[in-house]
Amino acid sequence: MVRESAEERLLANAAKTRRLAQAYLISASGAEQARRTAREFLQSIFCESGTGCGACLECRKFRDGNQVDYLELGGGAIRLDDVRQVPDFIKKKSAGGRYKCIYIEDAHQMNVQSQNYLLKSMEEPEEGVVFVLSTNQPEKLLSTVISRCLWIRLRPLSRAALRERLEGKIPPERQEACIALCGGSWAEALRLAEDDELFAIRETAAEVCRHFAGRKNPSLFEMETRILSHEKRILDMLFAMAGL
């Protein structure tokens with residue numbers, strides 16, 4: 001059984017007992033871990049058992065994007081016009097009769113004007129409304145926004161804890177590389193494991209290094225050609241070579 005962190009246990013208990021704060025700020029060193037944790041928590045809020053079971057009707061609606069009591073903003077720059085959807089959304093009666101949730105993905109993408117506009121809705125919440133914000137750059141949020149939230153800081157996991165969390169979820173041949181590169185974030189490790197080009201880049205980097213080290217007069221043209229075969233991700237290539 002995978003052990004949950006203290007922060008994850010707090011969120012799981014809040015959803016299961018239905019003792020929810022009005023707003024949560026979920027931060028992590030990696031944006032992907034903050035996002036995944038936020039969505040798992042939101043699914044648990046809607047879940048009929050409060051566990052995020054994935055099987056009940058409410059979980060399926062959330063997973064399939066059909067949850068009408070859910071508003072998600074983000075995925076890039078968050079404009080004031082986007083945030084203006086919030087007041088109208090929360091005033092409508094919940095279709096499920098329980099909660100209405102607003103999720104702000106990468107909340108640091110809001111400018112000051114957008115944050116101040118959101119703050120008005122957070123300061124006078126309707127009953128049963130829950131705000132969830134996720135970010136990997138909390139320093140870009142206004143202190144007034146942060147003060148309205150229960151701040152959940154997700155800490156990096158140790159390598160041993162990552163191996164336990166990722167067991168059976170990542171191909172064994174990719175596991176150690178993902179653990180080394182993920183910065184202690186299990187969600188980032190899962191994302192890296194699906195990045196086929198990253199592992200192609202790592203193999204090319206190894207070939208270039210072997211070519212350079214194994215020949216008296218290595219062909220610089222050949223090495224340049226191999227490196228530039230991944231020109232759009234040249235920084236990943238250089239990072240892999242530096243590691244080798």
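Biologist: Which term applies to Leu 220, buried or exposed?

Modeller: In this predicted model, Leu 220 belongs to helix 12, which covers residues 220-227. The relative accessible area of Leu 220 is 61%. The cut-off for the upper class is over 50%, so at 61% Leu 220 is exposed.

Biologist: What distance separates the C-alpha atoms of Leu 220 and Ala 77?

Modeller: Leu 220 and Ala 77 are 143 residues apart along the chain. As a frame for the value, the C-alpha atoms of the protein fill a box of roughly 75 × 45 × 30 Å along the principal axes. The C-alpha atoms of Leu 220 and Ala 77 are separated by 42 Å.

Biologist: Which residues, leaving aside neighbours within four places in sequence, are in contact with Thr 204?

Modeller: Thr 204 is part of helix 11, residues 196-214. Its relative accessible area is 11%, under the 20% limit, so Thr 204 is buried. The C-alpha atom of Thr 204 is separated by 8.9 Å from that of His 230, 26 residues apart along the chain. With the neighbours within four places set aside, the contacts of Thr 204 are Arg 226, Ser 229, His 230 and Met 237.

Biologist: What share of the contacts between residues at least 6 apart in sequence joins residues at least 24 apart?

Modeller: The protein has 244 residues, of which 45% count as buried. Its secondary structure comprises 13 helices and 5 strands. Among contacts between residues at least 6 apart, the share that joins residues at least 24 apart is 66%.

Biologist: How is the ring pair of Phe 46 and Tyr 70 classed?

Modeller: A search of the whole structure yields 4 aromatic pairs. For Phe 46 and Tyr 70, the ring centres are 6.2 Å apart and the planes lie at 85 degrees. Planes over 60 degrees apart define the class, so this pair is edge-to-face.

Biologist: Which residues do ring pairs link into a cluster?

Modeller: Phe 46 lies in helix 2 (residues 31-46) and Tyr 70 in strand 2 (residues 70-73), so that the pair, 24 residues apart, links distant parts of the chain. Phe 46 and Tyr 70 are both buried. The cluster formed through ring pairs consists of Phe 46, Phe 62 and Tyr 70.

Biologist: Over the ring of which residue does the charged end of Arg 174 sit?

Modeller: Two placements of a charged residue over a ring may be described. Lys 100 lies over the face of Phe 89, 4.1 Å from the ring centre. The charged end of Arg 174 is 4.3 Å from the centre of its ring, that of Phe 199.

Biologist: Which term applies to Asp 106, buried or exposed?

Modeller: Asp 106 is in the loop between strand 3 (100-104) and helix 6 (112-123). Its phi is near 50 degrees, a positive value in a residue other than glycine. The relative accessibility is 7%, under the 20% limit, so Asp 106 counts as buried.

Biologist: What relative accessible area does Arg 18 have?

Modeller: Arg 18 occupies the loop between helix 1 (6-17) and strand 1 (23-27). Phi of Arg 18 is near 60 degrees, positive in a residue other than glycine. Arg 18 is partly exposed, and its relative accessible area is 22%.

Conventions
Residues are numbered from 1 along each chain as its sequence is written. This is a predicted model: local features need pLDDT of at least 70, side-chain atom pairs count only at pLDDT 80 or more; totals for chains, interfaces and linings use all residues. Side-chain values use heavy atoms; hydrogens and water are left out. Helices (H or I, at least four residues) and strands (E, at least two) are DSSP runs, numbered from the N terminus. Buried means under 20% relative accessible area, exposed over 50%, partly exposed in between (1.4 Å probe, protein chains only). Rings of Phe, Tyr and Trp (its six-membered ring) pair if their centres lie within 6.5 Å; planes under 30 degrees apart count as stacked, over 60 as edge-to-face and the rest as tilted. A charge sits over a ring if NZ of Lys or CZ of Arg is within 6 Å of the ring centre and within 35 degrees of the ring normal. Contact means heavy atoms within 4.5 Å.
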